[in-house]
Amino acid sequence: MAVRPVLKAPDPKLTQRAKKVTSFDASLQALIEDMVETMHHVNGVGLAAPQIGVPLRLCVIQLPDTEELLVLANPEIVKTKGEREVSEGCLSVPGYRGNIKRALEVTVKGRDRYGKAIRLKATELLAQALEHELDHLNGILYIDHLESPEHLYKIEAQKEPEELA
Ligand SMILES: [Zn+2]
């Protein structure tokens, strides 16, 4: 296991569409372990493979103060419901947060780390994290959702202990 460097905008690898995971083999498991270790190291709520330079449709999410680790390969948003304004940050855009709109509820389907089909419905921070990480797989950053540059603001280092990643 190893902590990998997290790419920062405007790295071109962050704006590419990632490819489907086709093999759930030992090398994928090793990549997932590295992603989890990296996410914990940087206090992220989630991490998408393109953020460490791997162009695969794979992300990990672990909400603050929970043990449950979500590993999603080839995730797709099946349905969204409602809209709300959220404050969002990203480890690939350090030093900033922005106010954007996210869904109230999202339904996602995909595969777990062994290739088994999964489907989940989420609200609140998990819904936001799912939309954020799935965006990364399509080369989209939360700053692409800003309706105005005034909705982006600088934060002081260490002020926000949890970043979405
Ligand atoms: Zn991010």
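These legends walk through a few close-up views of a predicted model. Residues are numbered from 1 along each chain as its sequence is written. Since the model is predicted, local features need pLDDT of at least 70 and side-chain atom pairs count only at pLDDT 80 or more, while totals for chains, interfaces and linings use all residues.

**View A. Helix α1, end to end.** Helix α1 covers residues 26–41 (helices are DSSP runs of H or I, at least four residues, and strands are runs of E, at least two, numbered from the N terminus). Its 16 residues should span 22 Å, at 1.5 Å times one less than the number of residues. The end C-alpha atoms sit 23 Å apart, which agrees. After α1 comes Asn-43, with a positive phi near 60 degrees.

**View B. The two sides of α1.** Leu-28, Ile-32, Met-35, Thr-38 and Met-39 are buried (20 or more other C-beta atoms within 10 Å of a residue's own; exposed means 12 or fewer, partly exposed in between, with C-beta atoms placed from the backbone). Down the axis, these buried residues fall within an arc of 125 degrees (taken from the directions from the helix axis to the C-beta atoms), so they line one face. Turned away from that side are the exposed Ala-26, Ser-27 and Ala-30.

**View C. Around Ile-61.** Leaving aside neighbours within four places in sequence, Ile-61 is in contact (C-beta atoms, placed from the backbone, within 7 Å) with Val-45, Gly-46, Leu-70, Ala-129, Leu-130 and Glu-133.

Note on methods
Contact = placed C-beta atoms within 7 Å.
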